[in-house]
Amino acid sequence: LGLPLYESQWTMRLGALRARQGDDAAAEELFRAFLEGASVPNGRAWTLIGLAGTLRRNGDLGEARACLDEALALYESLAIESGCAAALAGLSWWAMATGDLDSAEAYAEQAQRRAANDTDFPIAVGADMAAAAVRLRQTGSPDDRAALDDVLERRALAPGRYVMVAGGPM
């Protein structure tokens, strides 16, 4: 088509769709293809968060952490609060995967604070979802299970560009 920016964005969006469908192998391939090309920093950071999710779910916690660190640094450099919140929510899920619930809680709290500085409702729901998942993992209580269920219900109302799947962003 001769529109490389738009073509690459659809590659990333297809990767997000594959992640939502549970096909992390295809999602990872698409995210990596997007990252090989030139893109705007915001698109790169968003794709790094998606790639980190696929890597985490497949057990590659080292590379997943590196992707999240890079995404957070990019969003910090761009002063995009919603992006920082998404990266921090991803770091919370990453910390849960490592078994470090204290760090997971700290990342989720940071994500919630950063999301509160922006008007992006889906990002705020994503941060709340990470925080509620951490609390449930810490306590296992029926009240915390109900709180997570409530956030998951709010997720259905969240329009916008943020792609949330159970288990973290993208």
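Helix 5 passes helix 7 in a left-handed crossing, and this pair is a good place to start in what is a predicted model. Two packed helices are described by the angle between their axes and the distance between the axes. For helix 5 and helix 7, the axes come within 9 Å and cross at roughly 20 degrees. An angle under 35 degrees counts as roughly parallel, so helix 5 is roughly parallel to helix 7.

Which residues make this contact? On helix 5 they are Ser-82, Ala-85, Ala-86, Ala-89, Ser-92, Trp-93 and Met-96. Helix 7 answers with Ile-123, Gly-126, Ala-127, Met-129, Ala-130, Ala-133, Val-134 and Arg-137. Sorted by character, the residues of the contact between helix 5 and helix 7 come to 11 nonpolar, three polar and one charged.

Stay with helix 7 for a moment. It covers residues 121–139, and at 1.5 Å a residue its 19 residues should span 27 Å; the C-alpha atoms at its ends are 27 Å apart, which agrees. Right after helix 7 you will find Gly-140, whose phi is positive, near 65 degrees.

Now turn back to helix 5 and look at another partner. Helix 4 (residues 61–78) and helix 5 (residues 81–98) have axes that come within 9 Å and cross at roughly 160 degrees. Because angles over 145 degrees count as roughly antiparallel, helix 4 is roughly antiparallel to helix 5. Helix 4 passes helix 5 in a left-handed crossing. From helix 4, the contact includes Leu-61, Ala-64, Leu-68, Leu-72 and Tyr-75; from helix 5, it includes Gly-83, Cys-84, Leu-88, Leu-91 and Trp-94. Here the residues divide into 12 nonpolar, three polar and three charged.

Earlier in the chain, Val-40 sits in the loop between helix 2 (24–36) and helix 3 (41–57). Is Val-40 buried or exposed? With a relative accessible area of 41%, Val-40 is partly exposed. Val-40 and Gln-9 are 31 residues apart in sequence, and their C-alpha atoms are 9.9 Å apart in space.

Finally, step back to the whole chain. Its secondary structure comes to eight helices and two strands, and from the N terminus on the order is α-α-α-α-α-α-α-α-β-β. Of the 170 residues in the chain, 46% are buried. Among contacts with a separation of 6 or more, 57% are between residues 24 or more positions apart.

Key:
Residues numbered from 1 in each chain as written. Predicted model: local features only at pLDDT ≥ 70, side-chain atom pairs only at ≥ 80, totals over all residues. Heavy atoms only, no water. Helix = DSSP H or I, 4+ residues; strand = E, 2+ residues; numbered from the N terminus. Expected span 1.5 Å × (residues − 1). Axes fitted to C-alpha atoms, helices over the stretch in contact; angles between N-to-C directions. Parallel < 35°, antiparallel > 145°, perpendicular 65-115°, else oblique. Left-handed = near helix turned anticlockwise from the far one by under 90°. Contact = heavy atoms within 4.5 Å. Nonpolar A, V, L, I, M, F, W, Y, C, P; charged D, E, K, R; others polar. Buried < 20%, exposed > 50% of the residue type's maximum accessible area, 1.4 Å probe, protein only.
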